[in-house]
Amino acid sequence: MDDVVWIYVALVAGLAALVLAYFYANQVMAAPQGSDRMKQISASIADGANAFIRREYTWVAVFVAVLAVLISVLLDWGWPWGALAYVFGAALSALAGFIGMRVATAANARTTEAARLGGVELALPLAFRGGAVMGFTVAGLGLAGFALAYLLFVEWLEVDDAFQVIAAVGLGASSIALFARVGGGIYTKAADIGADLVGKVEAGIPEDDPRNPATIADNVGDNVGDVAGMGADLFESYIGSLVAPIIFAATVFGGTEFLSGGEPEQGFTAEAIFYPLAIAAIGMLASIIGSFLVRPTGGKLAAALHRGTNSAAVIAAIGTLLITFVLFDGEDGVDNWFGLFLSVMIGLAVGYLIGKLSEFFTSDQYRIVKEVARQSETGPATVALAGIAEGKRSAAFSVVVTAVGIYGAHQAAEWAFADSVPFAGIYGVAIAAIGVLATLGITVSVDAYGPIADNAGGIAEMAHLDPEVREATDALDSLGNTTAAVAKGFAIASAAVTALALFFSFTQSVGISELNLLDVEVTVGLFLGAAFPYLFAALTIKAVGRAAFQMIEEVRRQFREIPGLREGKEGVEADYARCVDISTTAALHEMVIPGGLAVGLPIIIGYISVETLGGFLAGALVSGFLLAIYMANAGGAWDNAKKFIEAGAFGGKGSDAHKAAVVGDTIGDPFKDTSGPAMNIVIKVMTIVSVIFASAFV
């Protein structure tokens, strides 16, 4: 069988995912939306989200245009194909986030109505389908888009430097993801903090109470940060996991010209390039099957979601075993094809274990979150200390899992290939990233349902529905916090192994055979790289703080100046639009510097010294990975500790323990939804920028 057929298989699998997303979108839109009040609230949230996305994409388009010009001018292959590929990747990433957000804002009131009519048994499948639109749009556009770019640049046009050109697709995806995560994260957390600190702590009113002027902005933030931003983030992760092994195999194993008439140096080179796309196609089909298995029985919400994700993982594993045998059995240069299958499975295991670690540290089903909640009885300081400690402990465990996984994937690939094959182990690490994200379609679906459930709870509160409805949506929302932490674990795990493979491709491109720590240029780069994630985290956390300050002052002003608002006098309404505008303006202004530094610093350092840049990337990879895990899990633990108390533990809502837990959750907001999720994009975007501009540096 002609190996190129796998490109078409990947294209068809991606298109099948898009068809499924369309099917689920129609199911969501057909569901009843509830009362006029619920429709009005949902429309306000959608209007605010759409307004922010339009303004954000307008700003980001300027950055994309500037970088496209730099690619055209500085790189021999940049015009026209490099610039075109870059813009294509950016457009797909933006489209994935936009489609997912549009359906999520339509699903929120419908999920509330489902909870009113049938409780969690009816609400979970609807919320999941809303999230599945995002999941399969992200995965479908990623796989189909990348396959199409491969066919266009490598197979049909046979352009010069074809593999560097398709790497630019990954840079386009990373550019949108970085700004979408940072901008959306600043927006959502500014609104969330303002709503919580003034509403819950100062005014003593429930979360999402319509009297709170920040409540609409808070619900808008769930969509622009946790849906559109997360979608762009995982789209970028998926594209990166495809780019890394393909670029590595093309540049290291066989050279970049072998599909344009040259002969590969090793007989397996073509298979090594098509293998990641074949795995992604099988993973996509497994995700599609798994999505139909998410049905709650007996109110067991977590079991329903786990059934879908675990089934998809098992199907993907079986399919990968068969594909590996078909592609590599008896191939020249391959001694043990099973070793490549092991590399992929090790990646899948690493993603699963880091996800389970995240669940263990962030779910109120386990003792850690309960212990963090118990610390609230002695005040906010002990809550903060407990969350910080548990977040850092989770990072240590996650690093051990990742390090063992990297070593295992490396050794398995070394065993698979003949001794004469150079750097075979690095290829094993690269395809391990595919294992982590093979079932991305259902992974994102499970994650994206969380913000829909959160919005559904807000609509239930603002529409004054029966308490039983809010209890059902809160159950969905609490599980959503855990599934979000698990999905972030997958994204961070893939970032580490993807960035490592891209880093090695960079060293090969610039002719670095080793990084000598006794070389002062490397040492300087190492320290600067290790410091940058801390600087990035500081900039984004301070940005949230400044935006939240404006929000808090505005909420206080409205309570002070609008008679009867705080008391809930009939006919008195808050100025929601003003709070939405504050979050929007602050987020757009504050995202520019952190995002610009992440893209610009590698280019500047690369022109000064490629050795320094090598050290810089290595330092950023290690410290960024640790910070990402620490902040995501600490924030998740604080959030669910607060929800555990709100469910009735340690005095319940309104108690001193609850107020202390709200402070802890406020600290965790930028940790888990702004700085932490953006960190995995940062370490990849800096590496892929370095790979793409490598020819200019030398």
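Select Thr443 in this predicted model, and then show the residues around it: once the neighbours within four places in sequence are set aside, Thr443 is in contact with Ala487 and Phe490. Thr443 itself belongs to helix α12, which covers residues 440-462. Because its relative accessible area is 12%, and buried means under 20%, Thr443 counts as buried.

Next, select helix α13, residues 467-510, and turn to the second largest pocket, to whose lining α10 (380-416), α13 and α17 (610-646) each supply at least two residues. The space in this pocket comes to about 440 Å³. Its lining has 23 residues, and those closest to the centre of the pocket are Leu500, Phe503, Ala618, Leu621 and Val622, which make a convenient selection on which to centre the view. Which helix gives the most to this lining? It is α13, with seven residues. If you colour the lining of the second largest pocket by class, you should find 17 nonpolar residues, five polar ones and one charged one.

From the pocket, move to the pair formed by helix α16 (residues 592-608) and helix α18 (residues 656-692), which pack at an angle of about 35 degrees with their axes 9 Å apart. The crossing of these two helices, α16 and α18, is right-handed. To see the side chains involved, select Ala598, Val599, Pro602 and Ile603 on the α16 side, and Val682, Val685, Met686, Val689 and Ser690 on the α18 side, since these are the residues through which the two helices meet. By class, the residues of this contact of α16 with α18 are eight nonpolar and one polar, with no charged residue among them.

Keep α18 displayed for the next stop, which concerns enclosed space. The structure holds four cavities of 30 Å³ or more, and the second largest of the cavities contains about 40 Å³ of space. To find the second largest cavity, select its lining residues, Gly170, Ser174, Glu236, Ile239, Gly240, Leu502, Lys684 and Ile688. Two or more residues of this lining are given by each of α4 (162-203), α5 (215-254) and α18, and the largest share, three residues, comes from α5. The lining of the second largest cavity has three nonpolar, three polar and two charged residues.

The last stops concern the backbone. Most residues other than glycine have a negative phi, and most peptide bonds are trans. With that in mind, select Trp79 and Pro80, which are joined by a cis peptide bond with omega at about 0 degrees. Pro80 has its place in helix α3, residues 78-156.

Then follow the chain to the loop between α3 and α4, where Glu158 lies. The phi of Glu158 is near 50 degrees, a positive value in a residue other than glycine. Is Glu158 buried or partly exposed? With a relative accessible area of 42%, Glu158 is partly exposed.

Finally, select Asp161, which is also found in the loop between α3 and α4. Asp161 has a positive phi of about 50 degrees, although it is not a glycine. The relative accessible area of Asp161 is 26%, so this residue is partly exposed.

Note on methods. Residues numbered from 1 in each chain as written. Predicted model: local features only at pLDDT ≥ 70, side-chain atom pairs only at ≥ 80, totals over all residues. Heavy atoms only, no water. Helix = DSSP H or I, 4+ residues; strand = E, 2+ residues; numbered from the N terminus. Buried < 20%, exposed > 50% of the residue type's maximum accessible area, 1.4 Å probe, protein only. Contact = heavy atoms within 4.5 Å. 1 Å grid on protein atoms, 1.4 Å probe; cavity = no way out; pocket = protein on both sides within 12 Å on 5 of 7 lines; lining within 4 Å. Points joined across faces, edges and corners; volume = space filled by probe spheres on them. Nonpolar A, V, L, I, M, F, W, Y, C, P; charged D, E, K, R; others polar. Axes fitted to C-alpha atoms, helices over the stretch in contact; angles between N-to-C directions. Left-handed = near helix turned anticlockwise from the far one by under 90°.
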